[in-house]
Amino acid sequence: MPDSRPSRGYRFLDAMVRFVPHLVLLIVLLCLWEAAVATGMITSIMIPRPSAIGGAIVELYVTKGTIYKHFFITLTEAVVGFCIGAAIAVSLAVCSSLSDVFKRYVIPYAVVLNVTPGIALTPVVIAWFGYGMGSKMALAAILCFFPIFVNTLTGLVQIDEDREELFKSLGANNTQIFTKMRVPAALPLMFAGLKIGLTTALIGAVVAEFAQATDGVGVLMSRFSFQLNMAASIATLLSMTVIGLLLFYTMEFLDDRIVFWRRESRRAAASRARARSWQSQIGK
Amino acid sequence: MAEAAQSGPTKASAGPSRSLRNRRLMTHAGIFLTLIIAWELASRAGWLDPLFYPRPSNILNSFWLIYFKNGNVWEHLGVTMSLVFMGFVGGSILGIVLGSLVGLNGLVRRFLKPYVIVLEATPRIAVAPLLIAALGFGATSKIAIIMLVCFFAPFINTLSGVMNVNAEKLELFRSLGASKWQILRKLVLPDAVPIIMAGERLALTAALSGALVAEFIQRDQGIGSLILVYTRNLNMASSFACIFTLTILGFLIFRGMELVDQYIAFWKYEAGRERVSAKRRRAMRS
């Protein structure tokens with residue numbers, strides 16, 4: 001329905017109009033903060049000026065460029081750890097959903113892993129996997145395991161009985177029921193788990209870096225903090241936010257593409273694409 | 001948790017019979033013992049380096065050492081738990097109060113949203129070194145870290161709970177002439193209680209993690225620093241004893257929160273509903 005939608009230019013204008021008050025508020029807040037520090041209402045050692053933080057950001061990203069190495073190391077640790085943890089979690093969840101016996105004997109261990117604060121394992125993981133990136137990935141994998149496992153399993157075991165009957169009456173075999181019915185039904189929940197897992201994986205990587213590391217955003221941050229260079233420390237913290245947002249929106253994008261049927265606009269786009277491919281097959 | 005996840009669609013709703021359950025429990029115990037014994041034997045045969053992968057027997061021995069012979073774990077455990085408690089209470093009260101204030105005010109909500117998104121993406125535990133630098137070593141910065149870590153889940157959940165008010169109920173309340181305060185106290189907050197409690201549960205787990213991270217960085221006292229010191233000295237058995245202590249503690253916290261949930265959000269549970277209505281009947285009679 002392209003005609004019922006407002007034009008592109010109009011939408012842009014609308015977004016700008018909505019965006020401006022937010023921007024004004026942000027600038028006012030920053031000015032107030034700056035003024036409070038400048039007049040000495042807030043001690044600048046504890047809470048630095050926004051301009052100092054801005055300066056630190058420029059220094060870290062532009063003039064010195066020290067952050068990039070650490071940024072990508074932490075990003076790699078979090079992503080690799082997440083992939084390992086997610087692979088184990090999803091495969092265990094799939095096995096548990098296929099076999100009741102397997103599920104019965106795996107779940108107690110998963111629950112034990114869940115009630116243990118995974119962060120408590122940090123020193124042990126570092127002793128096992130060394131001071132390098134391996135230990136950070138391992139902690140990230142451990143921390144992200146449970147939310148993904150539980151969500152995937154919950155998604156796979158919830159069965160719509162009417163749907164199952166329909167599949168059976170159409171003569172679907174077990175493989176087809178699993179891949180065409182249970183997996184698609186589980187995907188939304190699984191993605192919710194993956195999103196949580198991604199955040200916890202980042203936490204795992206950063207915490208392991210606090211404990212012991214030579215490179216990474218976490219190390220950079222604790223170094224700056226202990227030098228009482230709060231502006232640079234906050235700038236580093238903001239780069240963690242950037243990593244977090246980057247990971248989150250990547251996941252959101254994948255969610256949008258893979259679980260396309262949950263959003264109206266994506267569903268319409270997918271059905272258009274299918275219609276086109278069918279038409280080309282028919283030869284019209 | 002395991003129970004709930006076990007009852008698949010194939011089984012009767014009443015669950016497996018008692019003898020079957022006993023037999024399964026035996027199998028669980030058997031598998032567990034086999035794993036432990038295999039671990040012990042692998043370690044004794046030299047396949048697993050006991051320096052890094054402690055034997056189960058050594059871990060048991062360490063349990064005895066740190067709890068009874070030396071008894072040094074109690075003090076650290078006490079320190080950690082009191083910090084967790086204070087930080088949790090402070091952070092979650094702050095979260096609930098701010099969450100309901102923000103949830104009730106559309107304008108504030110609109111302008112706060114971008115900041116909430118940014119905060120949500122930041123690993124909040126990462127603020128720990130900053131807070132320690134700003135507030136100094138000691139209990140204050142630890143409590144501040146725990147409060148920060150605890151704040152978010154109750155805040156977000158209260159916010160969404162307060163916002164999802166049932167429109168029909170709201171209309172009923174309004175048509176009966178309820179004041180704003182009455183609507184908040186009798187409708188909005190009670191309806192939000194289950195989701196707030198879910199947030200509290202997340203917050204409590206986060207609180208324990210926050211305390212551990214703070215202790216890892218400060219390395220003075222508390223169970224986190226104990227684990228760190230034991231691992232540094234490659235006394236892995238004691239380190240594992242501490243970690244399993246945290247497992248038990250985590251389990252108790254889980255159960256405790258469930259009980260609190262049953263008490264506060266009693267209308268979600270059959271038993272709680274009956275208990276409260278019996279109490280009300282008694283009160284009415286007298």
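**Reading two helical chains**

Biologist: Which residue takes a positive phi just after helix 6 of chain B?

Modeller: The residue is B:Gly136, whose phi is positive at about 85 degrees and which follows directly on the end of helix 6 of chain B. Helices here are DSSP runs of H or I with at least four residues, strands are runs of E with at least two, and both are numbered from the N terminus. Please keep in mind that this is a predicted model, in which local features need pLDDT of at least 70 and side-chain atom pairs count only at pLDDT 80 or more, while totals for chains, interfaces and linings use all residues. Residues are numbered from 1 along each chain as its sequence is written, and chains are lettered from A and ligands numbered from 1 in the order in which they are written.

Biologist: How many residues of helix 6 of chain B are buried?

Modeller: A residue is buried if 20 or more other C-beta atoms, placed from the backbone, lie within 10 Å of its own. In helix 6 of chain B, which spans residues 128-135, six of the eight residues are buried, and the helix is therefore mostly covered. Those buried residues are B:Ala128, B:Pro129, B:Leu130, B:Leu131, B:Ile132 and B:Ala133.

Biologist: Against which helices do the buried residues of helix 6 of chain B pack?

Modeller: Some partners belong to chain B itself, namely helix 7 (139-163) and helix 9 (180-218), while others come from chain A, where helix 8 (174-211), helix 9 (217-226) and helix 10 (230-258) are packed against.

Biologist: How many residues does the contact take from each chain?

Modeller: Two residues are in contact if their C-beta atoms lie within 7 Å. The contact between the chains takes 44 residues from chain A and 42 residues from chain B. On the chain B side, helix 11 (236-264) is one of the helices that supply at least two residues, as are helix 1 (2-6), helix 2 (18-44) and helix 6. Helix 11 of chain B gives the most, with eight residues. That side divides into 31 nonpolar, ten polar and one charged, where Asp, Glu, Lys and Arg count as charged, Ala, Val, Leu, Ile, Met, Phe, Trp, Tyr, Cys and Pro as nonpolar, and the others as polar.

Biologist: How many helices and strands are there in chain A?

Modeller: Chain A has eleven helices and zero strands, whereas the secondary structure of chain B comes to twelve helices and zero strands.

Biologist: What radius of gyration does chain B have, set beside a compact globule of 286 residues?

Modeller: The radius is taken over C-alpha atoms, and the globule rule is 2.2 Å times the number of residues to the power 0.38. For chain B the value is 24 Å, where a compact globule of 286 residues would have one near 19 Å. Chain A also has 24 Å, and a compact globule of its 284 residues would again come near 19 Å. Along the principal axes, the C-alpha atoms of chain B fill a box of roughly 80 × 60 × 40 Å, and those of chain A fill one of roughly 75 × 60 × 35 Å. Buried residues make up 33% of chain B and 37% of chain A.

Biologist: Where does the domain assignment of chain A place domain 1 and domain 2?

Modeller: The assignment, which is automatic or from a database, places domain 1 at 1-42 and domain 2 at 47-282 of chain A. Their C-alpha centres lie 31 Å apart, and five residues of domain 1 are in contact with four residues of domain 2. On the domain 1 side of that contact there are four nonpolar residues, no polar and one charged.

Conventions:
Buried ≥ 20, exposed ≤ 12 C-beta atoms within 10 Å, placed from the backbone.
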